[in-house]
Amino acid sequence: MILDVSDASFQAEVLDRSATVPVIVDLWAPWCEPCKTIGPILEKLTKAANGRVVLAKVNVDQNPAIAAAFKAQSIPAVYAMKDGARQAERLLARHASDGHAPPESIALVLWGTDNLKTEGGPIA
């Protein structure tokens, strides 16, 4: 499931929903070129998860309160939420330190380590 989330709907669509299913929060803006790259990847991974995860897309230009709550200083910014709390800090920032490209880092959170390939090509 992919949702467009606003400041007004964030509580119900992200925080409350994350009690039953992990929610990936994608902070983006239409003018952001890297957002145009990562957005379709997140959508593809979310669809492949078959309901095991929700993607909440937040246009930061239209919803500044959410961006402020995450203390996002740049976009794209992607976070994993479960039980109303962040489970991973800034998923896209992880790839440089753990040696993974962003899709693999995101997939790690979406599907967990039990489903990762240990050898071979990318998992996404």
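**Exercise 1. Determine which residues Glu43 touches, not counting residues up to four places away in sequence, and describe its setting.**

Solution. Glu43 touches Ile2, Leu55 and Lys57 when residues up to four places away in sequence are not counted, where contact means heavy atoms within 4.5 Å. The model is predicted: local features need pLDDT of at least 70, side-chain atom pairs count only at pLDDT 80 or more, and totals for chains, interfaces and linings use all residues. Residues are numbered from 1 along each chain as its sequence is written, and side-chain values use heavy atoms, with hydrogens and water left out.

Next, Glu43 is placed in helix 2; helices (H or I, at least four residues) and strands (E, at least two) are DSSP runs, numbered from the N terminus. Glu43 has a relative accessible area of 26% and is therefore partly exposed. The classes are buried (under 20% relative accessible area), exposed (over 50%) and partly exposed (in between), with a 1.4 Å probe and protein chains only. Finally, the C-alpha atoms of Glu43 and Ala56 are separated by 9.9 Å, although the two residues are 13 residues apart along the chain.

**Exercise 2. State where Thr46 is placed, and identify the backbone oxygen that lies 2.8 Å from a polar atom of its side chain.**

Solution. Thr46 belongs to helix 2, which spans residues 33-48. Its relative accessible area is 2%, so Thr46 is buried. The backbone oxygen in question is that of Leu42. The pair is a polar contact, meaning N or O atoms within 3.5 Å; within protein, one must be able to donate a hydrogen and the other to accept it, and residues adjacent in sequence count only if both atoms are side-chain atoms.

**Exercise 3. Analyse the aromatic pairs found by a search of the whole structure.**

Solution. A pair of aromatic rings is described by the distance of the centres and the angle of the planes. Rings of Phe, Tyr and Trp (its six-membered ring) pair if their centres lie within 6.5 Å; planes under 30 degrees apart count as stacked, over 60 as edge-to-face and the rest as tilted.

1. The search finds two aromatic pairs. One of them joins Phe10 and Phe70, at 6.0 Å centre to centre and with 85° between the planes, and is edge-to-face.
2. Phe10 lies in helix 1 (residues 10-16), whereas Phe70 lies in the loop between helix 3 (64-69) and strand 4 (77-82), so this pair ties together parts that are 60 residues apart in sequence.
3. The rings of Phe70 and Tyr79 have centres 4.5 Å apart and planes at 25°, so this pair is stacked.
4. Ring pairs thus link Phe10, Phe70 and Tyr79 into a cluster. Each member is buried: Phe10 has a relative accessible area of 13%, Phe70 of 6% and Tyr79 of 3%.
5. Tyr79 is found in strand 4. From Tyr79 to Ala56 the C-alpha distance is 9.8 Å, across 23 residues in sequence.

**Exercise 4. Determine the handedness of the disulfide formed by Cys32 and Cys35.**

Solution. A search of the whole structure finds one disulfide, defined as a pair of cysteine sulfur atoms within 2.5 Å. The sulfur atoms of Cys32 and Cys35 are 2.4 Å apart. The torsion about their S-S bond is about 80°, so the disulfide is right-handed. Both Cys32 and Cys35 are buried.

**Exercise 5. Describe the surroundings of Asn59 and the ring of Trp28.**

Solution. Asn59 is placed in strand 3 (residues 54-59), and its relative accessibility is 8%, so Asn59 counts as buried. The side chain of Asn59 reaches the backbone nitrogen of Asp61 at 2.9 Å. Leaving aside neighbours within four places in sequence, Asn59 is in contact with Trp28, Ala29 and Pro30. Turning to Trp28, the charged end of Lys57 sits over its ring, 5.5 Å from the centre; the criterion is NZ of Lys or CZ of Arg within 6 Å of the ring centre and within 35 degrees of the ring normal.

**Exercise 6. Summarise the chain as a whole, beginning with how many helices and strands it has.**

Solution. The chain has five helices and five strands, in the sequence order β-α-β-α-β-α-β-β-α-α. Of its 124 residues, 40% count as buried. Among contacts with a separation of 6 or more, 64% are between residues 24 or more positions apart.
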